[in-house]
Amino acid sequence: MEEHGTSATSAPRQGRAATAGWEALTETERSIAHLVSDGLTNRQVSRRVSLSPHTVNYHLRAIFRKLGIGSRVEVARHITHSA
């Protein structure tokens, strides 16, 4: 029992620490990042991906955090430099 508890708590931490940048984004976050980089508003993105604007905003904040950026313009720059 003790060994199982240790494995369960250490594995997710290692996974999060090892993944950074674009690889850390989920497929949904990647889709949203591309649409935002195309200049779409949260409302327009929400219609394209069939999510509420609030949920798009939530994903956008996660994108900012994971990429270490703070604006929509930086999302576009990141995608441009990654391509």
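1. K66 is partly exposed in this predicted model. Its relative accessible area is 26%. The partner of K66 is E29, and the two form a salt bridge. Their closest N and O atoms are 2.8 Å apart. K66 belongs to helix α4 (residues 53-67), while E29 sits in helix α2. The pair therefore ties together parts that are 37 residues apart in sequence.

2. Is E29 buried or exposed? E29 counts as buried, because its relative accessibility is 5% and the cut-off for burial is under 20%. So this salt bridge joins a buried glutamate to a partly exposed lysine.

3. The count of salt bridges comes to two. The other pairing to look at is R30 with E27, whose side chains meet at 3.3 Å, N to O. Both residues lie in helix α2 (residues 27-37). They are three residues apart, about one turn of the helix. In general, an α-helix has 3.6 residues a turn, so residues three or four places apart point the same way. R30 is partly exposed at 21% relative accessible area. E27 is exposed at 57%.

4. Helix α4 has 15 residues. From first C-alpha to last it reaches 21 Å, close to the 21 Å expected at 1.5 Å a residue. After α4 comes G68, with a positive phi near 70°.

5. Which residues of α4 are buried? They are V56, H59, L60, A62, I63, F64 and L67. The buried residues of α4 pack against three helices: α2, α3 (42-49) and α5 (72-82).

6. H59 deserves its own point. It is placed in helix α4. H59 is buried, with a relative accessible area of 15%. Leaving out residues up to four places away in sequence, H59 touches T28, E29, I32 and L51. One of these, E29, is also the salt-bridge partner of K66.

7. How do α3 and α4 pack? Their axes are 8 Å apart, at an angle of about 100°. That makes the two helices roughly perpendicular. On the α3 side, the contact is made by N42, R43, V45, S46 and V49. On the α4 side, P53, V56, N57 and L60 take part. By class, this contact has five nonpolar, three polar and one charged residues.

8. S46 is one of the α3 residues in that contact. S46 is buried, at 6% relative accessible area. Not counting neighbours within four places in sequence, S46 is in contact with L51, S52, P53 and V56. L51 appears again among the contacts of H59.

9. The α2 and α5 pair comes next. Their axes come within 8 Å and cross at roughly 105°. An angle from 65 to 115 degrees counts as roughly perpendicular, and α2 and α5 are therefore roughly perpendicular to each other. The α2 residues in the contact are A33, H34, V36 and S37. Those from α5 are R72, V75, A76 and I79. By class, the contact has five nonpolar, two polar and one charged residues.

10. To recap, α2 and α4 are linked by the E29 and K66 salt bridge. H59 of α4 also touches E29. The buried residues of α4 pack against α2, α3 and α5.

Definitions and conventions:
Residues numbered from 1 in each chain as written. Predicted model: local features only at pLDDT ≥ 70, side-chain atom pairs only at ≥ 80, totals over all residues. Heavy atoms only, no water. Salt bridge = Lys/Arg side-chain N within 4 Å of Asp/Glu carboxyl O. Helix = DSSP H or I, 4+ residues; strand = E, 2+ residues; numbered from the N terminus. Buried < 20%, exposed > 50% of the residue type's maximum accessible area, 1.4 Å probe, protein only. Expected span 1.5 Å × (residues − 1). Contact = heavy atoms within 4.5 Å. Axes fitted to C-alpha atoms, helices over the stretch in contact; angles between N-to-C directions. Parallel < 35°, antiparallel > 145°, perpendicular 65-115°, else oblique. Nonpolar A, V, L, I, M, F, W, Y, C, P; charged D, E, K, R; others polar.
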